[in-house]
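Colleague: I am new to this model and should like to understand the grounds for each term applied to it. May I ask you to set each value against its cut-off and then conclude?

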Amino acid sequence: MKTYFIKLKSGLSSKLNAEDEKSLRLKINSGHYGILPVRGQVRELITTENVAEIVEVEDQGIKK
């Protein structure tokens, strides 16, 4: 299982777990709410249209 850092065009971000990038894209297309900032007051639906960047997070840091 890999962890991916998803950054949206609105500036919000989230971490999602998936087996690979293909299953991550399937999760994004399924209508996943994953944006929970500090206090969890704002949620935004993750779609392929509003994703700005996907970064795979490694154990030691962030892989670009």
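**Terms and their grounds**

Modeller: Let us begin with Arg25, whose relative accessibility of 40% makes it partly exposed. Please bear in mind throughout that this is a predicted model.

Colleague: Why does a value of 40% make Arg25 count as partly exposed?

Modeller: Buried requires under 20% and exposed requires over 50%, with partly exposed in between. Arg25, at 40%, satisfies neither outer condition and therefore counts as partly exposed. Glu21, with a relative accessible area of 39%, falls into the partly exposed class by that reasoning.

Colleague: What makes the meeting of Glu21 and Arg25 a salt bridge?

Modeller: The cut-off between a side-chain nitrogen of Lys or Arg and a carboxyl oxygen of Asp or Glu is 4 Å. For Glu21 and Arg25 the N to O distance is 3.2 Å, which is within that limit, so the term applies. The count of salt bridges by this rule comes to one.

Colleague: How are Glu21 and Arg25 placed relative to each other in helix α1?

Modeller: They are four residues apart in α1, which means that about one helical turn separates them.

Colleague: Which elements make up the protein chain, and in what order do they run?

Modeller: The chain holds one helix and six strands. Read from the N terminus, the order is β-β-α-β-β-β-β. Of its 64 residues, 22% are buried.

Colleague: How do you know that β1 and β2 are paired?

Modeller: Pairing requires at least two bridges between two strands. β1 and β2 are joined by six bridges and run antiparallel, so the condition is met. Among the partners, Lys7 is bridged to Ser13 in β2, and Lys2 stands opposite Ala18 in β2. Four residues lie between the strands of this hairpin, in which Gly11 takes a positive phi near 100 degrees.

Colleague: With which sense does β1 pair with β5, and over how many bridges?

Modeller: β1 and β5 pair in the antiparallel sense over six bridges. One of the partnerships joins Tyr4 to Glu56 in β5.

Colleague: What makes the side chains of β2 an alternating set?

Modeller: In a regular strand, side chains alternate between the two faces of the sheet. In β2, Ser14, Leu16 and Ala18 point to one face and are buried. Ser13, Lys15 and Asn17 point to the other face and are not buried.

Colleague: Which residues form the largest nonpolar core?

Modeller: There are nine: Tyr4, Ile6, Leu8, Leu16, Ala18, Leu24, Ile28, Ile46 and Val51. The elements giving two or more residues to this core are β1, β2 and α1, and β1 gives the most, with three.

Colleague: With which residues is Leu16 in contact, leaving aside its neighbours within four places in sequence?

Modeller: Leu16 is in contact with Lys2, Thr3, Tyr4, Ile6, Leu24, Lys27, Ile28, His32 and Ile46. Contact here requires heavy atoms within 4.5 Å.

Colleague: Is Val55 buried or exposed?

Modeller: Val55, found in strand β5, has a relative accessible area of 5%. That value is under 20%, so Val55 is buried. Its C-alpha atom is separated from that of Tyr4 by 5.6 Å, although the two residues are 51 residues apart along the chain.

Colleague: Why is Glu58 called partly exposed?

Modeller: Its relative accessibility is 40%. Partly exposed lies in between the 20% and 50% cut-offs, so the term fits Glu58. Glu58 lies in the loop between β5 and β6, and 8.8 Å separates its C-alpha atom from that of Tyr4, a residue 54 positions apart from it along the chain.

Colleague: How do you know that Asn50 is buried?

Modeller: Asn50 has a relative accessible area of 14%. As buried means under 20%, Asn50 therefore qualifies. Its position is the loop between β4 and β5.

Colleague: What makes the reach of the Asn50 side chain to Leu45 and Thr47 polar contact?

Modeller: The limit for a pair of N or O atoms is 3.5 Å. The Asn50 side chain reaches the backbone oxygen of Leu45 at 2.9 Å and the backbone nitrogen of Thr47 at 2.9 Å. Both distances are within the limit, so both are polar contacts. Not counting residues up to four places away in sequence, Asn50 touches Leu8, Lys9, Glu44 and Leu45.

How values were computed. Residues numbered from 1 in each chain as written. Predicted model: local features only at pLDDT ≥ 70, side-chain atom pairs only at ≥ 80, totals over all residues. Heavy atoms only, no water. Buried < 20%, exposed > 50% of the residue type's maximum accessible area, 1.4 Å probe, protein only. Polar contact = N/O pair within 3.5 Å; in protein donor to acceptor, adjacent residues only side chain to side chain. Core = buried A, V, L, I, M, F, W, Y, C linked by side-chain atoms within 4.5 Å.
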